[in-house]
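Please open the model in your viewer and keep the selection panel at hand, since this tour moves from one selection to the next.

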Amino acid sequence: MDKKGGIILRVATDIGGTFTDLVAVDDKGRTVLAKSHTTPPNFEEGVINVMKKSGIQPEEITDFIHGTTTIINALTERKGAKTGLITTKGFRDVLEIARCNRPDLFNMVFAKPRPFIPRYLRKEVRGRVNFEGKILTELEEEDIRAAVEFFKKEGAEAIAVCYINSYANDIHERRTVELIRELWPEVFVTSSVEVTREWREYERTSTVALNSYVMPVASSYIDRLDGRIKEIGCDAKEYIMQSNGGTTTFEQAKRTPINMVESGPVAGVYGSAILGKVIGEKNIIAFDVGGTTAKCSLIDGGEVKVTTEYRIERTESYAGYPIMAPVVDIVEIGNGGGSIAWIDEAGSLKVGPQSAGALPGPVAYGIGGTEPTTTDACLVTGRLSPENFDNEVDLDAVKAAIQEKVGDAFGMNVEEAAMSILRVAEANMFNALKLISVRRGYDPRDFTMVAFGGGGPMHCAYLAKELNIRKVVVPIAAPVFSAWGMLMTDVRHDYIQTNIRRMNEVSSEELNQMWDGLLREAHEQFAKEGVDKNQIIFRFIADMRYMGQEHTVKVKVPPVPWTDEVKEEIVNRFHDTHEHFYTFRLPDTPTEIVNLHLVAYGRLMKPSLAPIEPQQGPAEEALKETRKVYFTDEGWLDTPIYEREKLGSGAVLEGPVIVEETAASTVAAKGQRLKVDTYGNLIIETEVQE
Amino acid sequence: MAEIKVNPVTLDIVKDSLIAVSNEVFYAFARTSMSPIIYETLDYASGIADAKGQLLTQGNGACGFIGLIAPMIQEIIAKYGKDNMHPGDVFLINDPYMGGGTHLSDIGMVMPVFYGDELLAFVGNKAHWSDIGGMAAGSFTTDSSEVYQEGLRFSGVKLLNRGDICTPLLEMIKSNVRFPETSEGDMWGQIASLRTGYKRIGELCEKYSLEVVKESMERLLRQGAMIAYNRIKELPKGSWEMEEYMDDDGHGNLVKLKVKVTITEDEFIADFTGSSPQVASPINTGYSSLCAGVKVIYMSILGPALAVNDGVFEPMRILAEDGSVLRCHAPAPTSCYFESMIYSSDIVWKALAPVFPEALGAGHMLSVCSVVLAGTKQGSGEPFLIVEPTGGGWGASDGKDGEVGQFCVGDGETYNVPVEMAENRYGIMIDEYSLHTDGAGAGKYRGGSGAVRTYRAMTDGQLFTASFGRNKFPAWGAAGGKDGSYNYFEFHKADGSMEGPMGIVARKVMNRDDTVRMVTCTGGGYGDPMERDPESVAWDVKNEYISVRQAEEDYGVVVDPETYEVKEVRR
């Protein structure tokens, strides 16, 4: 850092479907935003373009953080490598049988997910470990040699290894990978335990299979990106955003690329948690509305929640593919700005999940869209003005689409029809927000909403009021808040170890030993990544349940070492957590630990937020216009429209009011108050009665 | 139709909220259950009905539970009358011969929902308890001859009175089941999820008013019926008949099933008159379950994505003779009721397959292939109990090969127990869990492979019970496709001796290192195998779904056993 004069300059680039975003902050509080087109298939070019466009000097960058859709694209487009699987004798078809479930209950011609690795590339090896980790049969290395020969002959590029019960003892997997590297140094290979040590063979096999499948793609992408960045003179420390809300190094990302599957979307959630810390809010509902979807996630006590029950391509009627890697727990629904309004067979108004996307887009874009969307409804109700669009808006065409496709079906005029579209879209969002809060035992009154993405600021004040949330924050850089979130991340690794033990039988020493193993691993990993020892922070979580149950709840537990008293305290916390989520406790039933989950953070130096200029004089100077806006309860109201850039800290605006910025508009209704805080965040008081 | 006073969009928003409540009630229970049959197999259902007991929305894990919540609620209304119901009441019902009946193992609970003084709805659920007493561990067995051997029977009794548990009843249950803690845990989980539903419906009334909620319930049913009638109008009209034998009744007698399906302008009628009388083995089914079996196929034809409610079922009529194997009465045993119930689905399916090729393919593995294994765990000596279905092959259909290793039509969002979990929890090891690639079910589209699952006993004295239907008649081919194969299991003892194959057994003793190899069938093929793309045939050989010989004999394709290239097509 010395050669850069002690100045920190962190740059985040986030590749999205249409745009590649850049946000940079230095420790003087200077923030730079830039946007450039995404450039498939050579995504790194878009990154370089946006860096150039931002005007930042590459050699001044100290930390480069990157979010990418490369992995999810390779998976959904089936553009990964030809991959072979090595598994325990008798279990060749675990991937193909999967879990035998049929979510599409009444469809007799359903199709279940096809495995990424076809049957002929799945090879069995003798050698067996039991559930306690005891070796019953020794590993037959000749079987491995034969499999490797076969994969070579077939032209495979990657190998995944997963054995039954390897979560309890990974010695056979480790030996197998070692032997494969000897026999075939060029091949990409991973064992399941390198990715996860949770039980359930199908989910673990699927995870490692997908990891190996994307390894070559990830490796070549990361190498190209690294080369290009260096080429333009940037020698920053490089990090990649993972699905767990933290970052990792380029090197580690090449080994476990599957951890990047939700690289971009989770950063906004993490950013919300960080912003919360800055403004003194620990309980947050993060709410992100983009072009095609709305996403929400709950942050309890400052901690972002992760789950290992993630599946790609899952829908209500399709099982999808499990990835047992920690992913920030996000609920996503098909309702965004581009979502299409339509009338179903029963005559009910629906919005989404189909989206007009960027092409043909909403009717308002004037590039061929004929179906009314949420964006069109926002225009007709005055929440958006034609001036918010890059093109000349044909308002008559927008109104005609809404009248014909929605209004006529219900005998409504165009404003009522547009308002109905917004009500249905917001009702969908409301149900998603309830799902992550009320239905999981949380009272929204204890939470602050952080709303971002192009559409979040538009809907947040209304939804928050419906949910009894008192306060909403529309953060700085709201439309590119995911990239902002990346700037604020730390290195993060999750270590999850299945080890089923009854709390009344296991000793605290045994538990401490298990934790020590995970801690050692974390320290080794951080040492490899050059993370300073003093910057390492641990969080301890236990996945627990009542004996006889299968599903677990995550219980925050105290740091090790544990004593018997701590053990007792943990059992009590479990009873409380279970009651919190499921409304009852079983005080006489023994409890079990299923997984130990260590979250390890390597804290990075981060710039602090800089205050914006205080508001000088009346806010009216930022007033852009006054226009009629249609609200649910009051109908048309004359509503002042302000420019966000011109508002200083301390400015106070009374609803109804709209604050516009490039690519987002914040709407507050009558009876709500909007303030600009020290850092330029918009704070809305939703005027909720006690 | 009542005049719409309220904005229809508001009614739709409330309607969707009701469905969201139903989902919440459904998942809340799975997460807390103590029984693998519930939390993995999702062998339960929950639903909401209006004040008359008409089903508004239902969450299903098992497909075969479709529409069973409402008849259960209607029985409770008929028995108690609305004046004898109070906020906080919960009723218990598992009578196989009453509305919503299946087998005693499935415990139904019903809770009336009040807002103020008004009873406006019911929430109900039904879940498979691992044990409800009776002659065999796991309560369902293949050799009972009367219902009294199958466990406790509740014909609609009050379990909670104004929120207070009926302690004598609870004590009686706990004294009569094998795993009282598990059962009590599941009972409270079921009650908690009903209470959640109660609370949420109240919140909806608070937000939108009682009138709006009631009106949106009506709208939901009206819309359901309207869609169903519209779609039926578009279906081909006519009558189609089918007569089949179920494997046997466990005493060597074949059981006849017969159906005539008629579709008119506004009706869908399935008439099972002429089917066998009820039998003295537990494969009888009550009328409600028969209806569920037919509703599954009805839904697949009308549209699998349709919302399930009593409006949608309005055009259906299902006829069966009282006292027949498909509409049995006391004291017929029913613990394996699913065999005849799914056979009823299968013959309706087979009768209609030629009429609706886009919705119905060739025959599938059909049976739940249920396994009950009781014993003690090695080391700790603790008792364990496995109650689970087994996956198998599905038939091919027009344009698509059959699916492999899937549970039967009666299951659904049902999960197998992972090998690693089974070995940890039970006194067994699993030697094999792979596809059963016998190459049966040849066709232009090939039947999906069944599965092989082999359990090794790790302690002495384990008791194995299983009902693998479709052990005498294979999964049928369609449109010129060949038949698939059969379900069976066989015992390989530690001393090297072998017993089987067989399809039904009760409490067979397995000792340390004895194995049972369970094999499920390959589904039926669709279309002439000689029309299958030769490259697909070569790919099937390369992946060992079929043999080189089968490729040549069944498909007329000579495949090189080394390179797996097509050498010659002889057709």
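A residue is called buried here if 20 or more other C-beta atoms lie within 10 Å of its own, with C-beta atoms placed from the backbone. Please keep in mind throughout that this is a predicted model.

Begin by selecting chain A and colouring it by burial: of its 690 residues, 54% count as buried. If you then switch to a cartoon, you will be looking at 16 helices and 35 strands in chain A, and the C-alpha trace of this chain spans about 80 × 65 × 60 Å along its principal axes. How does the radius of gyration of chain A compare with that of a compact globule? A compact globule of 690 residues would have a radius of gyration near 26 Å, and because chain A has 26 Å, the two agree. When you draw the contacts of chain A between residues at least 6 apart in sequence, 67% of them join residues at least 24 apart.

Next, stay on chain A and select its domains one after another, namely domain 1 (1-67), domain 2 (85-214), domain 3 (339-425) and domain 4 (491-602). With domain 1 and domain 4 of chain A both highlighted, a distance drawn between their centres, taken over C-alpha atoms, comes to 37 Å.

Now hide chain A for a moment and select chain B, where the cartoon shows 11 helices and 22 strands. The radius of gyration of chain B is 24 Å, close to the 25 Å that the globule rule gives for 571 residues, and chain B is therefore as compact as a globular protein of that length. Its C-alpha atoms fill a box of roughly 75 × 60 × 40 Å along the principal axes. Colouring chain B by burial, as you did before, marks 63% of its 571 residues as buried, while among its contacts between residues at least 6 apart in sequence, 73% join residues at least 24 apart.

Finally, bring both chains back and select the contact between them, to which chain A gives 54 residues and chain B gives 63 residues. On the side of chain A that touches chain B, pick out helix H3 (94-97), helix H7 (201-231) and helix H12 (414-436), the elements that each give two or more residues. Which of the elements of chain A supplies the largest share of this side? That share, five residues, comes from H12(A). If you colour the side of chain A that touches chain B by residue class, you will find 26 nonpolar, 14 polar and 14 charged residues.

Terms used
Residues are numbered from 1 along each chain as its sequence is written. Chains are lettered from A and ligands numbered from 1 in the order in which they are written. This is a predicted model: local features need pLDDT of at least 70, side-chain atom pairs count only at pLDDT 80 or more; totals for chains, interfaces and linings use all residues. Two residues are in contact if their C-beta atoms, placed from the backbone, lie within 7 Å. Helices (H or I, at least four residues) and strands (E, at least two) are DSSP runs, numbered from the N terminus. Ala, Val, Leu, Ile, Met, Phe, Trp, Tyr, Cys and Pro count as nonpolar, Asp, Glu, Lys and Arg as charged, and the others, Gly among them, as polar. The radius of gyration is taken over C-alpha atoms; the globule rule is 2.2 Å times the number of residues to the power 0.38. A residue is buried if 20 or more other C-beta atoms lie within 10 Å of its own, exposed if 12 or fewer, and partly exposed in between; C-beta atoms are placed from the backbone. Domain bounds come from an automatic or database domain assignment.
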